[in-house]
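Hi,

Here is the structure I promised to pass on. Have a look at it first, and my notes on the aromatic side chains follow below.

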Amino acid sequence: MDAAEQLNIIKRIKAISETGLIYAQDPYDRERYEELKQISFKLLERISDTPIGVLENFFMPQEDYPTPKVDIRGFVLNEKEEILMARESLDGKWSIPGGWADIGSTPSEIVVKEIEEETGIKVKVVRLLGVYDKRMHPHPPAPNYVYKIIFHCRIVGGEMKSGFDILDANFFSLDKLPELSEERILESQLKDLFQMATSVEPKTHFD
């Protein structure tokens, strides 16, 4: 079993324990679920080389049924069919613009805002291209379980400039991609997204 498979099992154990802590009425059951949660942290500490205290501080206590985090991103092409990308400050690598979903905004509102904030480009959402479960793709191991929602967007204005938490923004052709932030996007996904965005038959990827 590789590290990614181990991590998915640990995430599942953690989610089961947190669900149990939310709904358990019996104090003995709560004690068992809390022990299960601590076991998940110990296992995560072992495979991530992160101290358990840091892990406990990283994960906020669950007050409701635990669900995946949602990452929303936009796939934007210019007139040369080059892909709009932003260079992430966290790792210095490139991804299509986007970020975590915000409560109170629709997914399409979020992607329009994120693209303008990160690149200066104003867009209009054309359609949904895909919903990706990160577990089903070879992203690097990460602590959260994540769904990625990706929209095809069309440029309607703006001027290229990088946002406050972005090092740079630019357009790249599919055959000359920069070093990718694989935590956020993979080359295989960009190829699929490009094909769907430029196809005369509208298709949507799921899982």
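One cut-off before the rest: a residue counts as buried under 20% relative accessible area, as exposed over 50%, and as partly exposed in between. Tyr147 has a relative accessible area of 35%, so it falls in the partly exposed class. Keep in mind that this is a predicted model.

Tyr147 turns up more than once, so let me stay with this residue. It lies in strand β6, which covers residues 146–158. On the surface, Tyr147 joins Leu128 and Val131 in a nonpolar patch, and together they have about 210 Å² of accessible area.

Now the ring pairs. How many aromatic pairs does a search of the whole structure find? It comes up with two. In one of them, Trp94 and Phe172 meet edge-to-face, with 4.8 Å centre to centre and 75 degrees between the planes. Trp94 belongs to strand β3 (residues 94–95) and Phe172 to strand β7 (residues 166–172), so this pair ties together parts that are 78 residues apart in sequence. Are these two rings buried or exposed? Trp94 is buried at 9% relative accessibility, and Phe172 is buried too, at 17%.

Tyr147 comes back in the other pair, with Tyr145 as its partner. That one is also edge-to-face, at 6.1 Å centre to centre and 80 degrees between the planes. Tyr145 is partly exposed, with a relative accessible area of 25%.

One last thing to look at is Trp100: Lys69 lies over the face of its ring, 4.5 Å from the ring centre.

Cheers

Conventions. Residues numbered from 1 in each chain as written. Predicted model: local features only at pLDDT ≥ 70, side-chain atom pairs only at ≥ 80, totals over all residues. Heavy atoms only, no water. Phe/Tyr/Trp six-rings, centres within 6.5 Å; stacked < 30°, edge-to-face > 60°. Helix = DSSP H or I, 4+ residues; strand = E, 2+ residues; numbered from the N terminus. Buried < 20%, exposed > 50% of the residue type's maximum accessible area, 1.4 Å probe, protein only. Lys NZ or Arg CZ within 6 Å of the ring centre and 35° of its normal. Patch = residues over 30% accessible without salt bridge, like charges linked within 9 Å, V, L, I, M, F, W, Y side chains within 5 Å. Areas by Shrake-Rupley, 256 points an atom, 1.4 Å probe, with all protein chains shown as cover. Salt bridge = Lys/Arg side-chain N within 4 Å of Asp/Glu carboxyl O.
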